[in-house]
Amino acid sequence: MLKQNNYGKSHIRLIKVARGSRVHQLQHLAVEITFEGDFEEVYTAGDNSRVLPTDTMKNTVYAFANQTDVIEQVEAFGVRLADHFLSHNPPVAKVKIDLSEHRWSRILVNDEPHDHSFRKDGDEKRTAFIIADREGVKVKAGIKDMVVLKTTRSGFAGFVKDQYTSLPETDERIFATSVKAIWTYDEPRAATDKTWSGVRRTILEEFALHDSRSVQHTLNKMGEAVLEKYSDINEIFLSLPNIHCIPVDLEKFDLINEGRVFVPTEEPFGLIEAHLTR
């Protein structure tokens, strides 16, 4: 028996250029669309009469991106897409739209931002998650792959030790992580560019200023600060992988490493996650 099903289109990528003036604007998005609904006979009987092709989903994204000079903020773009799919496809009960926006900055020429030349700001992305059904819509926003590092005011001590523990306690270490954050708005209209930028700034400030006793300690401080400052956000999820920076042992060379030389490692890594709510 078919228990659950969904289908959609993933990794729909697009770059939008606004050429309405001498100064161009660049937007770089990736979109994923998922449908849930009355599609059982598609699977059990091969009846495609209720199926909107996933290729049509892709084309709809491109068409909607072309309808405005500049694509609105990603949350609003996702809501507009979800509303269209629900309005035009009766078998669809729920639409999920996941979006990510890559960050680009203008290249500086003679210390001035160039009109039409850009550079990519690393791997950091702005994200949005739209869940819409015929009762309403829920909007989440977020950040992904925002790599941060602090060289002091971080430690890890007083932890459980057993026969397999080799990690030494420390009150002075490098703290590096790649922030993933997803927060939920009370209502869609609260999802503004100003709020998104403010949440991002709050997370960065708390990371920089917090006297961290662990990754968990700082994660909680970040989440509490966001909920305290933004009443329209009712919960936040944070995921902080611990990007380890291991001090290099220089004693075999008769040298003392006074916390200056480290080896960054990619795997394995600690993964610290939590949901905070009001």
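Helices (H or I, at least four residues) and strands (E, at least two) are DSSP runs, numbered from the N terminus. With the whole protein on screen, you can find five helices and ten strands. This is a predicted model, where local features need pLDDT of at least 70 and side-chain atom pairs count only at pLDDT 80 or more, while totals for chains, interfaces and linings use all residues. Residues are numbered from 1 along each chain as its sequence is written, and side-chain values use heavy atoms, with hydrogens and water left out.

**The whole view**

Start zoomed out. Taken along the principal axes, the C-alpha atoms fill a box of roughly 75 × 60 × 40 Å. The protein has 278 residues, and 38% of them count as buried (buried means under 20% relative accessible area, exposed over 50%, partly exposed in between, with a 1.4 Å probe and protein chains only). Now show the surface: about 16,500 Å² is exposed, and carbon and sulfur atoms supply 49% of it. Such areas come from the Shrake-Rupley method with a 1.4 Å probe; for residues, only the protein chains shown count as cover.

Next, colour by charge. Lys and Arg count as positive and Asp and Glu as negative, with His and the chain ends not counted; each charge is placed at NZ of Lys, CZ of Arg, CG of Asp or CD of Glu. There are 36 positive and 43 negative charges, and their mean positions are 3 Å apart.

One last overall value concerns contacts, meaning heavy atoms within 4.5 Å. Among contacts with a separation of 6 or more, 64% are between residues 24 or more positions apart.

**First stop: β1 and β2**

Select residues 7-18 for β1 and residues 25-37 for β2. Two strands pair if DSSP finds at least two bridges between them; β1 and β2 do so in the antiparallel sense over ten bridges. To see one of these bridges, pick Ile 15 and look across to His 28 in β2. The two strands form a hairpin with six residues between them.

Stay with the loop between β1 and β2 and select Val 23. This residue is partly exposed, with a relative accessible area of 32%. Beyond its neighbours within four places in sequence, Val 23 is in contact with Ala 18, Arg 106 and Asp 115. Draw a distance from its C-alpha atom to that of His 116: the two are separated by 6.3 Å, although they are 93 residues apart along the chain.

**Second stop: the aromatic cluster**

Show the rings of Phe, Tyr and Trp (its six-membered ring), which pair if their centres lie within 6.5 Å; planes under 30 degrees apart count as stacked, over 60 as edge-to-face and the rest as tilted. The structure holds five aromatic pairs. Begin with Tyr 7 and Phe 35: their ring centres are 5.7 Å apart and their planes stand at 80 degrees, so this pair is edge-to-face. Tyr 7 belongs to β1 and Phe 35 to β2, 28 residues apart, and the pair links distant parts of the chain.

How buried is each ring residue? Tyr 7 has a relative accessible area of 15% and counts as buried, and Phe 35 is buried at 0%. Keep Phe 35 selected and add Phe 85: the ring centres are 5.3 Å apart with planes at 70 degrees, so here too the pair is edge-to-face. Phe 85 sits in helix α3 (residues 74-88) while Phe 35 lies in strand β2, so the pair ties together parts that are 50 residues apart in sequence. Phe 85 is buried as well, at 1% relative accessibility. Add Phe 39 to complete the view, as ring pairs link Tyr 7, Phe 35, Phe 39 and Phe 85 into a cluster.

**Third stop: Glu 75**

Follow helix α3 to Glu 75. Is this residue buried or exposed? Glu 75 is buried, with a relative accessible area of 2%. Leaving aside neighbours within four places in sequence, its contacts include Arg 126, Ala 128, Val 139, Lys 140 and Trp 196.

**Last stop: β3, β4 and β5**

Select β3 (residues 92-109) and β4 (residues 112-133), which pair in the antiparallel sense over 14 bridges. Here Val 95 stands opposite Ala 132 in β4. Their hairpin has two residues between the strands, and Asn 110 takes a positive phi near 55 degrees.

Now add β5 (residues 136-150), which pairs with β4 in the antiparallel sense over nine bridges. Ile 131 stands opposite Lys 138 in β5, and a hairpin joins β4 to β5 through two residues.
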